[in-house]
Amino acid sequence: MMKKLLALILLLVLIVSGCAPGESQNASGGSDSGDKKDEVKEISVIARSGTYYNTLAKVAPEFEKETGIKVNLQEVGRDGYLQKVSTQLLGQGDSTDVILMLNNYIGQFGEGGQFEPLDSYMKKANFNLDHVIPAVAESVRYKKKVYAMPLDTSTHFLFYRKDLIPNPPKTWEEYKEVAKKFTKSQNPDSPTEFGTTFQGKRGETQPKEWYQYFWAMGGEILDKNNKPTLNSESGVEALTFVVDNLRKEKIVPPDATTYEFPEVLSAFQNEKVAMAVEWNTAYPQMADANTSPKVSDKFAIADVPGGKPFIHTWTLAINSNSKRKEAAFKFISWLSSPEGAKKYALAGGFPPVPKVLEDSEVVKLRPEFPDLQRTLNKAKAEPTLPEWPRIHEYITDAISKALAGEKSPKEALDEANKGIYDLLESRGYYKK
């Protein structure tokens, strides 16, 4: 009882003094962040291990030198990263100021109030996103408000062995035929064990590779009325294609259901496969003779077959419970600016800033950037509904069940489609 009484007294004092909890988040995303500018010397940033953490760790000291604000960078493992960070955000703690998050979670955390709206901070700093690829700039908005700064954009390339494949496949049908040629079970003379692979591990990546088959075959995740159409003829055709590659044609490794970025990278580096649809972030590692001694001079990249590449953006958002919002905004806007983005690119990142992607100094070090820019300009992204994380679960569940042979592609997609429809209906999307 005594603790509750003390908490009530403290709340009354805060209200009287005009500092009630949540007051800094006004309707326009107010910048009354509670920063005591003379005292803010450090901000806390969460990032996923691997490319993003490593690159941020390289550029953070330059920001610290320019501003005097120390960046306390916290590394969180790749597996389950989104779930771990989401749990922390929903816990409403204030120990973290900046969160590395995928753009398709902006709807959820913008609607829920966990992400700080940034428009007023941008206005105060005379900062905008005109220098960013338009589709990426749009992807950080929810209900016409900006909730994050774009940091690093990911898409897929077709990595292929140029010493084996002089002309990369342009359609998924050609892709399958080339893959058969370089699968030992179908061609004993093949120099590789399998023709290709698939990022089949249930979770973040799996559906994102599949969308590119689905879109190329004429499918859409949602129609113009936000009704799911995964179980369309195109959806069944695309999932059947992937399942057959694994279970019938056997042109991908039998353990592909455990593959994500690292496993696909390793398979290509070790000459296990002749081709792979892989994230663009693999390019520097593939081209490095130290990390990829077997293939660094034997590979090339091309557009994914079918011409419908996927795109998502890793963004930096501010925790709405942070007590250091002004300092946090300085950091995320610095990284998103053309100047900061160039430093980030030179350190190993992939900023969605055309001026940087075309910069001669950068391209000399990052020769894949012209291909990246071309791909980004025609790539497609997932919807940004607040319900997207749950929708994603339905889709990855369907793909996993079909790959495992638990359900036919049609049965799996029928089940997912119904689940998504029921979810969105319950949220009022289909009111008459």
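Select strand S1 (residues 42-48) together with strand S2 (residues 70-76) in this predicted model, and you will see that the two pair in the parallel sense over seven bridges. To find a point of register between them, show isoleucine 43, which stands opposite valine 71 in S2. Staying with S1, colour its residues by burial: the strand is mostly covered, with six of its seven residues buried.

Next, move to helix H13 (residues 338-346) and display Gly340, Ala341, Tyr344 and Ala345, which are the buried residues of this helix. If you turn the view to look down the axis of H13, these buried residues fall within an arc of 140 degrees, so they line one face of the helix. An α-helix has 3.6 residues a turn, so residues three or four places apart point the same way. To see what lies over that buried set, add the covering elements, which include helix H2 (51-67), strand S6 (149-161) and helix H12 (325-336), along with helices H14 (354-357), H15 (360-365) and H16 (369-376). Before leaving this region, select glycine 348, which follows H13 and has a positive phi, near 125 degrees.

The last stop is the interior space, where three cavities of 30 Å³ or more are counted. For the largest cavity, select Tyr175, Thr196, Thr197, Phe198, Tyr213, Val242, Asn245 and Val252, which line it, and which surround about 50 Å³ of space. Colouring this lining by residue class separates five nonpolar residues from three polar ones, and no charged residue appears among them.

Methods. Residues numbered from 1 in each chain as written. Predicted model: local features only at pLDDT ≥ 70, side-chain atom pairs only at ≥ 80, totals over all residues. Heavy atoms only, no water. 1 Å grid on protein atoms, 1.4 Å probe; cavity = no way out; pocket = protein on both sides within 12 Å on 5 of 7 lines; lining within 4 Å. Points joined across faces, edges and corners; volume = space filled by probe spheres on them. Nonpolar A, V, L, I, M, F, W, Y, C, P; charged D, E, K, R; others polar. Buried < 20%, exposed > 50% of the residue type's maximum accessible area, 1.4 Å probe, protein only. Helix = DSSP H or I, 4+ residues; strand = E, 2+ residues; numbered from the N terminus. Arc of directions from axis to C-beta. Contact = heavy atoms within 4.5 Å. Pairing = 2+ DSSP bridges.
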